[in-house]
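Open the model in a viewer and keep the sequence panel beside it. The stops below say what to select and what is there.

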Amino acid sequence: KVLAPLGQGGEAATWLCRQLSNGRLVAAKVLRRPVPRLMISYLHHEVQIQAMFGEGHFNIVNVMQVALTPSHVVIVMEYAAGGTLTSYISSRIQKRTQDRKLAAAAASAAEASPSASAPPGNSTPPTPGVGSVKAKKAPRGGVLYVSEGEANYFFRQAIAGMEYLHNNGVAHRDMKLDNVLLDDSIPPVLKISDFGFSKGDADVNTFTTIGTPCYMAPEVTSARGAAGYLPKAADVWSCGVLLFATLFGKFPFDSAPSRDGQQQPTTVEVMNEIKAQQNALLARGGGDAESCNFLGVDMSELSPECRNMLRGIFDLNPRRRLTIKQIKAHPWLQVPLSPAFTHALEDLRSRQKAANKRSKEFFRVHGDWWGRQQMKLQMLLSAAVDLGAPDAPTIWVDLRRAAAPVDDDTVDDQLPRNLLSAV
């Protein structure tokens with residue numbers, strides 16, 4: 001049952017739906033047929049990765065089923081009720097802005113009060129932030145919209161999900177706020193999504209410039225015709241941008257907004273501008289090791305450990321850049337967090353340990369079944385490049401591990417026949 005729209009992007013629309021069989025809320029990504037042929041390989045890769053790893057890791061959005069109707073392709077995914085990390089931070093920025101306006105109004109009202117109202121001879125100094133004494137201003141450009149502890153909590157999960165992907169030979173290549181979702185837990189569990197740009201063979205040098213410019217590592221923007229880049233190191237850079245944006249509500253490197261009447265810059269122009277910023281701010285080390293001013297932002301509100309880790313991530317040389325393993329061992333990821341964050345992370349680690357064992361056992365027992373499902377998925381998506389016959393039945397490929405037969409020798413060949421007919 002379709003309940004509400006969740007978003008629209010490119011060729012697809014995503015809807016909130018309820019499964020009638022069990023009442024579970026899911027997200028359904030819907031693409032109209034015929035699907036452009038160039039999209040099929042990206043789509044297949046995205047579904048395959050999320051179906052394989054989403055059920056195996058709590059920080060990756062899971063894909064459960066794919067349907068082919070005469071007019072659409074429907075991808076049924078895990079629903080993350082907390083929305084995107086972008087929305088989460090935007091709400092914090094709005095609240096912080098509103099609080100500051102209220103505080104400024106209160107301070108102005110207090111300053112406007114007649115000074116004669118104070119008792120004569122009162123020599124008690126005023127309380128900071130009350131009356132005529134203004135509260136200490138946050139450093140310009142260094143306002144934290146998410147506390148360092150909460151950002152640490154989210155970042156540990158992002159790194160855990162990225163490490164899982166890298167250990168399985170996959171690079172994400174488009175890690176950003178819009179592709180990170182949150183569930184409705186308190187505190188929220190982070191979920192990495194949108195694997196359309198992801199790549200297998202994550203240890204192999206790559207020459208494709210792909211991703212979102214303000215999250216791109218400098219070596220990605222100059223990949224063509226050069227020495228290429230290592231996708232894992234580029235993912236680490238993107239994770240650093242994600243952390244910075246979570247803390248400060250803006251990107252460390254970004255193109256200037258176009259003025260009214262100005263032509264929108266091309267993607268190449270945007271990448272060149274961002275790369276120039278990266279070189280200008282980082283080529284000379286961005287200041288001394290103890291400086292609180294880094295990337296043109298006052299970071300005095302951050303701990304020395306956090307500043308040090310950001311420096312290690314934003315290294316122009318990808319071979320010197322911190323690795324996932326080094327980030328996990330970094331002092332900033334060892335600092336004690338609040339009891340709520342600590343308990344949530346311990347619970348995640350415990351559940352993840354059990355999930356890893358289940359995954360290993362599943363693929364040992366049901367590897368052949370999983371291979372057949374992948375073949376069916378490929379056939380289904382290949383058929384989506386054309387419109388289906390109006391009276392053609394809806395064809396489903398179930399990628400849930402619970403759908404695997406108890407006896408893996410049992411083969412359901414009805415779906416392949418339907419798919420062959422569709423193709």
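An angle over 145 degrees between two helix directions counts as roughly antiparallel. That cut-off is used at the first stop. The model is a predicted one.

**Stop 1: the pair of helices**

Select residues 148-167, which are helix 3, together with residues 231-248, which are helix 5. The two pack at an angle of about 160 degrees, and their axes are 10 Å apart. Helix 3 and helix 5 are therefore roughly antiparallel to each other. The crossing of helix 3 past helix 5 is right-handed.

Now show the side chains at the contact. On the helix 3 side, pick Glu148, Ala151, Phe155, Ala158, Ile159, Met162 and His166. They meet Lys232, Asp235, Cys239, Leu242, Leu243, Thr246 and Leu247 of helix 5. Coloured by class, this contact shows nine nonpolar, two polar and three charged residues.

**Stop 2: the three-stranded sheet**

Keep helix 3 in view and add strands 6, 7 and 8, an open sheet in the order 6-7-8 with antiparallel pairing. Strand 6 (83-84) and strand 8 (190-192) are at the edges with a single partner strand each, so one side of each has no neighbour in the sheet. Helix 3 packs on this sheet and touches strand 7 and strand 8. The direction of helix 3 makes about 35 degrees with that of strand 8.

Zoom in on strand 6 and strand 7 (residues 180-182), which pair over two bridges in the antiparallel sense. Thr84 stands opposite Leu181 in strand 7.

**Stop 3: the six-stranded sheet**

In which order do the strands of the six-stranded sheet lie? The order is 1-2-3-5-4-11, in an open sheet with antiparallel pairing. Its edge strands are strand 1 (2-9) and strand 11, and each of these pairs on one side only. On average, and with direction ignored, neighbouring strands of this sheet are turned by 20 degrees against each other.

Walk across the sheet from strand 1:

- Strand 1 and strand 2 are antiparallel partners over six bridges. Select Pro5 to find its bridge partner in strand 2, Trp15.
- Strand 2 (residues 12-18) and strand 3 (residues 25-32) pair in the antiparallel sense over seven bridges. Ala13 is opposite Val30 in strand 3. These two strands form a hairpin with six residues between them, and Gly23 in the turn has a positive phi of about 75 degrees.
- Strand 3 and strand 5 (residues 72-78) are joined by seven bridges in the antiparallel sense. Here Ala27 stands opposite Met77 in strand 5.
- Strand 5 pairs with strand 4 in the antiparallel sense over five bridges. Met77 in strand 5 is the bridge partner of Val63. Strand 4 and strand 5 form a hairpin with three residues between them.
- Strand 4 and strand 11 (residues 395-398) pair in the antiparallel sense over four bridges. Leu68 is opposite Ile395 in strand 11.

Before moving on, select strand 4 alone (residues 63-68). How many of its six residues are buried? Six of the six are, so strand 4 is largely enclosed by the rest of the structure.

**Stop 4: helices on the six-stranded sheet**

Add helix 1 (residues 37-54), which packs on the sheet and touches strand 3, strand 4 and strand 5. Its direction makes about 145 degrees with that of strand 4.

Next add helix 9, residues 339-383. Helix 9 lies across strand 4, strand 5 and strand 11, and runs at about 145 degrees to strand 11.

Within helix 9, select Leu380. Is Leu380 buried or exposed? Its relative accessibility is 0%, so Leu380 counts as buried. Then draw a distance from the C-alpha atom of Leu380 to that of Trp396: the two are 8.5 Å apart, with 16 residues separating them along the chain.

**Stop 5: the whole chain**

Zoom out to the full model. The protein has 10 helices and 11 strands. It has 423 residues, of which 45% count as buried. Among contacts in the protein with a separation of 6 or more, 69% are accounted for by residues 24 or more positions apart. The pairing of strand 4 with strand 11 can be selected again as an example of two elements that meet in the sheet.

Conventions
Residues numbered from 1 in each chain as written. Predicted model: local features only at pLDDT ≥ 70, side-chain atom pairs only at ≥ 80, totals over all residues. Heavy atoms only, no water. Axes fitted to C-alpha atoms, helices over the stretch in contact; angles between N-to-C directions. Parallel < 35°, antiparallel > 145°, perpendicular 65-115°, else oblique. Left-handed = near helix turned anticlockwise from the far one by under 90°. Contact = heavy atoms within 4.5 Å. Nonpolar A, V, L, I, M, F, W, Y, C, P; charged D, E, K, R; others polar. Pairing = 2+ DSSP bridges. Buried < 20%, exposed > 50% of the residue type's maximum accessible area, 1.4 Å probe, protein only.
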